[in-house]
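The following note sets out comments on the structure shown below. The points begin with the interface and then turn to the individual chains and their backbone.

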Amino acid sequence: MDFSWMAWTWPTLGFFSFIALCLIAMMVWEWKDPGGGPRRGILTLETTRGDRLFISLLGSAFIFLGWLWVMSTPLWGGLALSLLWIVFVFRYV
Amino acid sequence: MASKTENQKAWLFVLPVVLLVAFNALIPLMTVVNYSVQETFGDNVFFWEGVKWYEQVLNSERFHDSLLRQLAFTGTILIIEIPLGIAIALTMPRKGPWVPVCLVLMALPLLIPWNVVGAMWNIFALPDIGLLGRTINALGIEYNFTQQPVAAWMTTVLMDVWHWTSLVVLLAYAGLCAIPDAYYQAAKIDGAGSWAVFRYIQLPKMKRVLTIAILLRFMDSFMIYTEPFVLTGGGPGNTTTFLSIDLVKVALGQFDLGPAAAMSLIYFLIVLLVCWVFYTLMMRNEEV
């Protein structure tokens with residue numbers, strides 16, 4: 001099938017592959033350690049691994065947008081901050 | 001101990017829904033992401049632009065203005081509709097023949113299609129032939145929502161309040177009806193006044209439904225398009241051009257697919273963030 005009319009690009013494919021890989025990794029994690037690992041973090045709300053992934057991704061999107069708005073390109077600084085954010089969320093939220 | 005039955009065939013029944021959602025939601029969203037990093041001049045020819053459109057939208061005064069207008073509009077209608085909805089719900093009868101009458105009257109505005117509401121208010125507020133517009137002008141107040149920004153804003157807000165306060169009323173009323181009589185009897189024995197009853201019984205018991213009401217009204221008003229589009233067309237000037245109206249202007253009026261896609265995704269992320277905040281608050285309420 002020819003999908004060239006949809007004008008897909010490699011970076012878009014890379015972005016969605018990353019999201020898909022995250023979801024697959026979460027499925028494997030859940031299969032290895034069922035239950036979702038619920039806990040109460042600094043939000044004082046019970047979060048599971050899935051919640052933490054969602055918060056990480058949403059927060060990262062805003063970090064990238066904020067970086068782009070304030071610092072413009074390149075986005076390496078935003079990437080570093082996002083990685084720190086993800087570690088923080090998975091550790092403390 | 002009985003072991004949990006697992007039926008892997010159930011996945012097959014879910015598959016059609018997954019495919020349908022992928023076809024009508026997931027892939028279109030992916031397409032928007034894809035367009036947001038490209039430029040096209042038509043003829044299905046695309047050029048890679050990277051994050052240029054995001055940067056352009058984030059630094060665009062036009063986007064800031066429409067976002068601020070949107071937040072101001074949403075804030076205004078929430079400040080009016082939530083207390084007004086609670087107040088009306090409190091005055092509605094809980095028993096007797098007037099209950100269905102009140103409920104039907106309250107539900108009526110919700111049943112009218114959004115474009116009809118816009119058209120109704122457009123005619124209603126016209127300064128020369130509209131009942132509202134003509135009355136205000138007859139009182140000596142100069143009013144023309146097609147030319148005066150303040151009049152346009154007031155009319156848009158009034159229209160939204162007319163259309164959607166009923167939703168808050170119905171939700172708050174449902175919350176009030178769910179309070180057992182024992183609470184009121186206990187309050188009476190304690191000699192609590194009507195304010196104390198409202199503050200310590202009714203309001204806490206309505207907390208959950210009010211969170212839902214605020215969430216629904218926030219989301220709906222944040223994505224409002226049809227009513228102000230029909231009423232004012234975003235004018236006069238750009239004074240009632242809210243985010244979705246601006247987005248449609250960029251996407252369909254100017255056919256700037258790239259910037260429109262970037263704007264859509266920023267818009268989507270804001271909506272997603274607010275949803276998450278409300279969801280978190282609701283879950284916290286559930287736990288309490």
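1. Between chain B and chain A, 9 residue pairs are in polar contact, both partners having pLDDT 80 or more. Four elements of chain B each supply at least two residues of the side that touches chain A: α1 (10–35), β2 (46–48), α2 (52–58) and α12 (257–287). The most is given by α12(B), with 10 residues. By character, the residues on this side of chain B comprise 17 nonpolar, 7 polar and 3 charged.

2. The rule finds 0 salt bridges across the interface of chain B and chain A. This count, like every other value in the note, belongs to a predicted model, in which side-chain atom pairs count only at pLDDT 80 or more.

3. As to the extent of the interface, 27 residues of chain B are in contact with 25 residues of chain A. The area buried between the two chains is about 2,300 Å², and carbon and sulfur atoms give 73% of that area.

4. Confidence in chain A may be summarised as follows. Its mean pLDDT is 90, and 100% of its residues reach 70 or more. Among the elements of chain A, the lowest mean pLDDT (86) belongs to strand β2 (residues 46–47) of chain A, and the highest (94) to helix α2 (residues 49–70) of chain A.

5. Chain B contains 12 helices and 2 strands. Read from the N terminus, its elements follow the order α-β-β-α-α-α-α-α-α-α-α-α-α-α. For its 288 residues the globule rule gives 19 Å, whereas the radius of gyration of chain B is 24 Å, well over that value; chain B is therefore more spread out than a compact globule. Along the principal axes, the C-alpha atoms of chain B fill a box of roughly 80 × 75 × 30 Å.

6. The loop between α2 and α3 (76–92) of chain A, where Pro74(A) lies, merits inspection of its backbone. Thr73(A) and Pro74(A) are joined by a cis peptide bond, with omega about -5°. Ser72(A), in the loop between α2 and α3 of chain A, has a positive phi of about 65° although it is not a glycine.

7. A cis peptide bond is also present in chain B, running from Gly235(B) to Pro236(B), with omega near 0°. Pro236(B) is located in the loop between α10 (226–231) and α11 (243–253) of chain B.

Methods:
Residues numbered from 1 in each chain as written. Chains lettered and ligands numbered in written order. Heavy atoms only, no water. Contact = heavy atoms within 4.5 Å. Buried area = accessible area lost by both parts, 1.4 Å probe. Salt bridge = Lys/Arg side-chain N within 4 Å of Asp/Glu carboxyl O. Polar contact = N/O pair within 3.5 Å; in protein donor to acceptor, adjacent residues only side chain to side chain. Nonpolar A, V, L, I, M, F, W, Y, C, P; charged D, E, K, R; others polar. pLDDT = per-residue confidence, 0-100. Rg over C-alpha atoms; globule rule 2.2 N^0.38 Å.
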